[in-house]
Amino acid sequence: MNIAILSRNPKLYSTTRLVEAAKERGHEVRVLDVLRCYMNITSMRPSIHYKGEDLTGFDAVIPRIGASVTFYGTAVLRQFEMMGVYPLNESVAITRSRDKLRSLQLLARKGIGLPVTGFAHSPDDVQDMLKMVGGAPAVIKLLEGTQGIGVVLAETEKAAESVIEAFMGLKANILIQEFIKEAGGSDIRCLVVGGKVVAAMKRQGKEGEFRSNLHRGGSASLIRLTPEERSTAVRAASIMGLNVCGVDILRSNHGPVVMEVNSSPGLEGIEHATEKDIAGMIIQFIEKNHKPNSTKTRGRG
Ligand code: ADP
Ligand code: MG
């Protein structure tokens, strides 16, 4: 196959591993900086140009689109889809998963366990809003945050109100969530490829930290999933329409609850924790499933 990887940085661990895995399996592979792609959307024959070259002949495209370039990145991916190239994850599914509110609403609709969650822009009655999610302690999140930044634990009602008011002053969209204390500062990252959990790790926040993000000093270890956790992860991936994703789960007293679904999961932490060749599994999935003109939405969504 001839594979394109959309990634801003060819030196990133996940990108180099995907390149390596594709080459090992005898494929042609090229890393393209998504922001350098420019497109013709007026002609009957949609095309993508890159540094003066007309890009043609790709069988599959692996989107590794960072949160900060979602808008342009998914537009380029959509163009690949219109050209008939098989996308590992479809543009519509990526857009869906990048919107935290939309994701939670979709998952809730299908009965996936979630932390009790409220969201707001500028509520007039902050106390009622807080009561709705069970009061303090509560976790308050900035919608635009990643890597644990903008996620605050408010231990008391007063603290929660202050944080909500402060965020409101910034005119930010916020999410207010029941604090899953029993998770003990840890969460579970399930890596789903083609409807199966192929690897899972437990992330534990450092001493005194409730956020388990590896970027915040958390550490990863192996974990055995319960059948319920496994099926929750698989269902979450399917509801989002993602072939490959990371599903983050908290172990709560009321069963596994999904926190988020990531359409470009990092491979470094999970490959090291599990010693599995996830990049190889992703390439194998493409080998088995790629077909020209197979995008369900044909880039129209
Ligand atoms: P980000 O997108 O910035 O990673 P998350 O929603 O994943 O934000 O939150 C960061 C971390 O904070 C999670 O990995 C988890 O360890 C912890 N956390 C988030 N929400 C809750 C919650 N409702 N209860 C307990 N811990 C939480
Ligand atoms: Mg997270």
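## Arg 203 and the second largest pocket

The side chains of Arg 203 and Asp 248 are joined by a polar contact of 3.1 Å (N or O atoms within 3.5 Å, one able to donate a hydrogen and the other to accept it; residues adjacent in sequence count only if both atoms are side-chain atoms). This is a predicted model, in which local features need pLDDT of at least 70 and side-chain atom pairs pLDDT 80 or more, while totals for chains, interfaces and linings use all residues. Residues are numbered from 1 along each chain, and side-chain values use heavy atoms, without hydrogens and water.

The side chain of Arg 203 also makes a polar contact with that of Asp 187.

| Side-chain pair | Distance |
|---|---|
| Arg 203 – Asp 187 | 2.8 Å |
| Arg 203 – Asp 248 | 3.1 Å |

Arg 203 lies in strand β13, residues 196–204 (strands are DSSP E runs of at least two residues, helices H or I runs of at least four). Arg 203 is buried, at 10% relative accessible area (buried is under 20%, with a 1.4 Å probe and protein chains only). Beyond four places in sequence, the contacts of Arg 203 include Gly 185, Arg 189, Ser 212 and Leu 214 (heavy atoms within 4.5 Å).

The second largest pocket has a volume of about 210 Å³. Its lining includes Tyr 86, Glu 90, Asn 243, Phe 285 and Lys 296 (lining residues have an atom within 4 Å of a pocket point on a 1 Å grid; a pocket is an open set of points where a 1.4 Å probe fits, with protein on both sides within 12 Å along at least five of seven lines). Strand β7 (86–87) and helix α9 (278–289) each supply at least two lining residues.

Conventions
Chains are lettered from A and ligands numbered from 1 in the order in which they are written. Buried means under 20% relative accessible area, exposed over 50%, partly exposed in between (1.4 Å probe, protein chains only). Grid points are joined across faces, edges and corners, and a volume is the space filled by probe spheres set on the points.
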